[in-house]
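Visitor: I am new to this structure, and I would like to be taken slowly through one part of it. Please look closely at the places where the chain turns or where charged side chains pair, and say how open each one is.

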Amino acid sequence: MSTRKIINRLAIGGICTAVALGASACGAGGPATTSGSAGTSPVNVLVEAGGHAELTGVAEQCKKDAGVDVNFVELPYDGMFNRLSSEFSSGNVSFDVAALDSVWLPSFKDAVQPIDELFTDEAKKDIFPALVKEANVDGHFIGMPAWTNAEIILYRKDLFEDAKNKADFKAKYGYELAAPTTWKQYQDISEFFTKDGMYGTDVKGGVETEWLAHVLQAGSPMVLDGDKVVIDNAAHKEALDFYVSLVKSAPSGAAQVDWAAAQNLFNQGKTAMTRFWAHAYRQIPTDSAVAGKVGTAPMIGGSAGVGAVPGPWYLTVPKATKNTEAAKKFVKCAYDYNDKGIESSLGLASRISAFEKYQDKAGYESFGPLIETLNGKATATRPATEKWQQIVDTVLVPMLQKAVAGGDSTTLLADAKKQIEDLLK
């Protein structure tokens, strides 16, 4: 299973179940048969399964305000790319709006319409800079971000506030125990809490995102700088060496740890800190060992500043749809009522003002750190190449697994460069 699939099952919650999806989603996949308002055609919106929940409130509001009825066509993440590829290639689409994972934009850029008119100056100021940049492909805006996410720091507030821990930590390291604001502090704290069957942090050898965030923080583009492969530069090595340095303060078997494993470790009380997608804060089970004991902090910065790799999804309008006007009305509704997504089970948005509306409310303590992280100077989206997922699955993750198992970083990065250059030929 690819890293990206794991990320999206966690970040979007898209698991195809009989309860969540009807036959139209898991089977052949035609749109639902709900009737539209008199004299109008319903807008068929293709979404990854969890995206339905994010957009339900928007759809209800859009019907009230714009008279646009919406049918959701849900697919599991595994099959959605193939469905999109097939219909876009045929020129005969069964949907009027498609929610695209950010890494798919380069693949489908020629099949979707520009929506430049929706990206007013006011709108661009209320969307995180990295997302505004990614939505613009070849000089046109082709997708409106519907929701986004990023990794922040989750930590055991009860352990950090314990009087004995505070005294012992200060005696050993010479400064106060608190949520880390530097990576040196993160290392120290991880080391301190690795004892008595607990670990200070986790190391996820099964996913690439955290290592790439360190690359951004060290001042380099991720893997590619334009058409040039730069994975073997000093910033990538610095980031990899740091990432591997945390293995000594993490549970064994780091090469196999992915998002699901890391989330379970933290929720079970096995790790004192984790770098994790912000939405997970609100999804800690009430019967978890850490329920009510978790604090949040922004992602930590490096020499280039705070940097993270966002996980946005974009609403796009196919060129082949015969329902363009209504489709664009729905996309505008999704922007206008973006905060409706926060009321869903996933609880995310894409507009800065939507997160700000909730950030001071109880239960939303992750939003302040998320805003700061997404606005980070070094925060950037993934490289715009159709081969990105292939690069991740066949090069980056295997390389990381070898690195955390003790492989030489210089050799591994040099080998990765050659493999990526071969893929891009």
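Guide: A residue is called exposed when its relative accessible area is over 50%, buried when that area is under 20%, and partly exposed in between. With a relative accessible area of 79%, Asp 196 is therefore exposed. Asp 196 lies in the loop between H10 and helix H11 (209-217), and although it is not a glycine it has a positive phi of about 55°. Most residues other than glycine have a negative phi.

Before going further, please keep in mind that this is a predicted model. The mean pLDDT of the protein is 91, and 91% of its residues reach 70 or more. Residues 1-39 call for caution, for pLDDT stays under 50 there, although the model has 90 contacts for them beyond four places in sequence. Where pLDDT is low, the predicted coordinates should not be read in detail.

A second residue can be set beside Asp 196. Asp 138, in the loop between strand S4 (136-137) and strand S5 (140-141), has a phi near 55°, again a positive value in a residue other than glycine. With a relative accessible area of 61%, Asp 138 is exposed.

From the loop that holds Asp 196 we can step back into H10, which covers residues 183-193, and turn to the pairing of charges. Side chains of opposite charge can pair when their charged atoms come close. In H10, Asp 188 forms a salt bridge with Lys 184, and their closest N and O atoms are 2.9 Å apart. These two residues are four places apart in the helix, which means that about one helical turn separates them. The two ends of the pair sit in unlike surroundings, for Asp 188 is buried at 8%, whereas Lys 184 is exposed at 51%.

A pair with this spacing occurs in helix H9 (residues 163-173), where Asp 168 and Lys 164 are four residues apart, about one helical turn. Their side chains meet in a salt bridge of 2.7 Å, taken from N to O. Here Asp 168 is partly exposed, with a relative accessible area of 30%, while Lys 164 is exposed, with 56%.

Another salt bridge reaches across the sequence rather than along one helix. Glu 117 and Lys 328 form a salt bridge in which the closest N and O atoms are 3.0 Å apart. Because Glu 117 belongs to the loop between helix H5 (105-108) and helix H6 (121-125), and Lys 328 to helix H14 (residues 324-336), the pair ties together parts that are 211 residues apart in sequence. Glu 117 counts as partly exposed, at 47% relative accessibility, and Lys 328 counts as buried, at 18%. Salt bridges can also join up, as Asp 202, Lys 204, Glu 210 and Arg 275 are linked in a network of them. The count for the model comes to 19 salt bridges.

H14 leads us to helix H3, since H14 is among the elements that cover the buried residues of H3, together with strands S1 (43-48), S2 (70-75), S6 (144-147) and S14 (313-316). Those buried residues are Gly 51, Glu 54, Leu 55, Gly 57, Val 58, Ala 59, Gln 61 and Cys 62. One of them, Gly 57, is the centre of a kink of about 30° in H3. The 16 residues of H3 (residues 51-66) should span 22 Å at 1.5 Å a residue, and the end C-alpha atoms, 21 Å apart, agree with that. Just after H3, Gly 67 takes a positive phi of about 70°.

Beyond H14, in the loop between that helix and helix H15 (352-358), we come to Asn 338. With a relative accessible area of 3%, Asn 338 is buried. Apart from its neighbours within four places in sequence, Asn 338 is in contact with Pro 145, Ala 146, Ala 349, Ser 350, Arg 351 and Ala 354.

One more loop, between strand S10 (273-277) and strand S11 (294-297), holds Ala 291, which is partly exposed at 29%. Beyond four places in sequence, Ala 291 is in contact with Ile 284, Pro 285 and Thr 286.

How values were computed
Residues numbered from 1 in each chain as written. Predicted model: local features only at pLDDT ≥ 70, side-chain atom pairs only at ≥ 80, totals over all residues. Heavy atoms only, no water. pLDDT = per-residue confidence, 0-100. Contact = heavy atoms within 4.5 Å. Salt bridge = Lys/Arg side-chain N within 4 Å of Asp/Glu carboxyl O. Buried < 20%, exposed > 50% of the residue type's maximum accessible area, 1.4 Å probe, protein only. Expected span 1.5 Å × (residues − 1). Bend = angle between axes of the 7 residues up to and from the residue.
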